[in-house]
Amino acid sequence: MQEVRGVIARGKGAPVEVTTIRVPDPGPGEAVVRVQTCGVCHTDLHYREGGINDDFPFLLGHEAAGIVETVGAGVTDVAPGDFVILNWRAVCGTCRACLRGRPWYCFNTHNATQPMTLTDGTPLAPALGIGAFIEKTLVHAGQCTKVDPSARPAAVGLLGCGVMAGLGAAINTGQVGRGDSVAVIGCGGVGDGAVAGARLAGVAKIIAVDADPRKLEWARGFGATHTVNAKETDPVAAIQELTGGFGADVVIEAVGRPETYKQAFYARDLAGTVVLVGVPTPEMTLELPLLDVFGRGGALKSSWYGDCLPSRDFPLLVDLYQQGRLDLDAFVTEEVPLDGVEAAFAKMHTGDVLRSVVVL
């Protein structure tokens, strides 16, 4: 058992706080990881605001990289000293999805079984089964993906959630390819990940849509060939105009709102694909004419974590980063200390950052 500092949310909407947390020694199949960096993701804000569930207190943070410190019995894939990116979908290998050869859909992902607690013994609910705004965290060993130790932690750690979600939404879920036209609605960290993924895949036309001119400029840096300011222009009409009047082959919705989902639905070509990767909140509902759903054909997909397989995707993407072919550094707007999480949440609301990264 160790005592370390970490960031928790005690109640809905209350400011987060840095406090002392007890981390158990790893049990069978578990690992303790010394966290080096952790991105401040919008999902952590959802947790703090009660948008995920009400299982307070939460130990926030999940988009992390660090060094394995100790491992429990039976752990063979990672060892003390390994540099790893943490993932929140550690596949089980035995559920119906895994047995069908689709482990990225794993329905029984692993987490650590022992709880981390406050000093009074109160158990903490770790964000996405990780909890990484902390000096050391306890995870299932399957949540640790070993990658090139020479890579910059603040950059590659972002593959642990937002950047991977966007890249995977384009490449894995949307299966974008050479010559396709792709539109991305919402150009924050996830949306720009989708833009970067489309660029990697050789997409011919990448249309970035956002209401913030700064975000549109960021999207251009990641490979957008065209931009649409949604405050000034109807996005559906603009996307159609840029694609010969037809609509994009794949439209990626990275906002998670009914209004923008409808835009994505009508901005795709006949038999095209809509990918929802933006995370909605529980009260949101969607209404579409069923005849339009039938008549437009194609596919309406949701992308869970970019349908990634961490053991396959993380090392590959880190290699592309090391080769200079994937600019993960550009996602890091600022580095902040552990007590800077609340200020980073505030900057999300103003659109001043693409990603704040906690450095420990």
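**Note on the predicted model**

1. The backbone nitrogen of Gly162 lies 2.7 Å from a polar atom of the Glu63 side chain. This is a predicted model. Glu63 belongs to strand β5, residues 63-71, and is buried, with a relative accessible area of 1%. The side chain of Glu63 also makes a polar contact with the side chain of Arg355, at 2.9 Å.

2. The surroundings of Glu63 can be listed, leaving aside neighbours within four places in sequence. Glu63 is then in contact with Thr37, Cys38, Gly39, Val40 and Cys41, among others. The list also includes Gly157, Leu158, Gly160, Cys161, Gly162 and Val163, as well as Arg355. Both polar partners of Glu63, Gly162 and Arg355, therefore appear among these contacts, and Glu63 itself counts as buried because its relative accessible area of 1% is under 20%.

3. Gly162 leads to helix α4, which spans residues 162-173 and is mostly covered, with ten of its twelve residues buried. The buried residues are Gly162, Val163, Met164, Ala165, Gly166, Leu167, Gly168, Ala169, Ala170 and Thr173. Their cover includes strand β5, helix α5, β14 (248-253), β15 (268-276), β16 (299-302) and α10 (310-322). Just after α4, Gln175 takes a positive phi of about 50°.

4. Helix α5 (residues 189-200) holds Val195, which is buried, with a relative accessible area of 0%. Not counting residues up to four places away in sequence, Val195 touches Val184, Ile206, Ala219, Phe222, Gly223 and Ala224. Val195 and Leu167 are 28 residues apart in sequence, and their C-alpha atoms are 7.4 Å apart in space. Leu167 is one of the buried residues of α4, and α5 is among the elements that cover those residues.

5. On which side of helix α11 do the buried residues lie? In α11 (residues 341-350), Val341, Ala344, Phe345 and Met348 are buried. They cover an arc of only 105° around the axis, so they sit on the same side of α11. The buried residues of α11 pack against β1 (2-9), α1 and β18 (356-359). Gly351 follows α11 and has a positive phi, near 75°.

6. Helix α1 also contributes to an aromatic group. The model has seven aromatic pairs. Tyr47 and Phe58 form one that is edge-to-face, with 4.9 Å centre to centre and 70° between the planes. This pair links distant parts of the chain: Tyr47 is in helix α1 (residues 42-48) and Phe58 is in strand β4 (residues 58-59), eleven residues apart. Tyr47 and Phe58 are both buried. Together with Phe56, Tyr47 and Phe58 form one aromatic cluster.

7. His46 is found in α1 as well. His46 is buried, with a relative accessible area of 13%. Leaving aside neighbours within four places in sequence, the contacts of His46 are Gly51, Ile52, Val279 and Thr281. His46 and Ile8 are 38 residues apart in sequence and 13 Å apart in space, C-alpha to C-alpha.

8. A charge-over-ring arrangement is also present. The charged end of Arg296 sits over the ring of Phe265, 5.8 Å from its centre.

9. How many disulfides does the model contain? The count is zero. For Cys92, which is in no disulfide, the nearest cysteine sulfur is that of Cys106, 3.6 Å away. The closest cysteine sulfur to that of Cys98 is in Cys95, at 3.7 Å, and this is too far for a bond because a disulfide requires sulfur atoms within 2.5 Å. Cys92 is buried, with a relative accessible area of 15%, and Cys98 is buried too, at 13%.

10. Is Thr94 buried or exposed? Thr94 is exposed, with a relative accessible area of 58%, whereas Cys92 is buried. Thr94 lies in the loop between β6 (83-86) and α2 (96-99). Thr94 and Cys106 are twelve residues apart along the chain, and their C-alpha atoms are separated by 8.7 Å.

Note on methods: Residues numbered from 1 in each chain as written. Predicted model: local features only at pLDDT ≥ 70, side-chain atom pairs only at ≥ 80, totals over all residues. Heavy atoms only, no water. Phe/Tyr/Trp six-rings, centres within 6.5 Å; stacked < 30°, edge-to-face > 60°. Helix = DSSP H or I, 4+ residues; strand = E, 2+ residues; numbered from the N terminus. Buried < 20%, exposed > 50% of the residue type's maximum accessible area, 1.4 Å probe, protein only. Lys NZ or Arg CZ within 6 Å of the ring centre and 35° of its normal. Polar contact = N/O pair within 3.5 Å; in protein donor to acceptor, adjacent residues only side chain to side chain. Contact = heavy atoms within 4.5 Å. Arc of directions from axis to C-beta.
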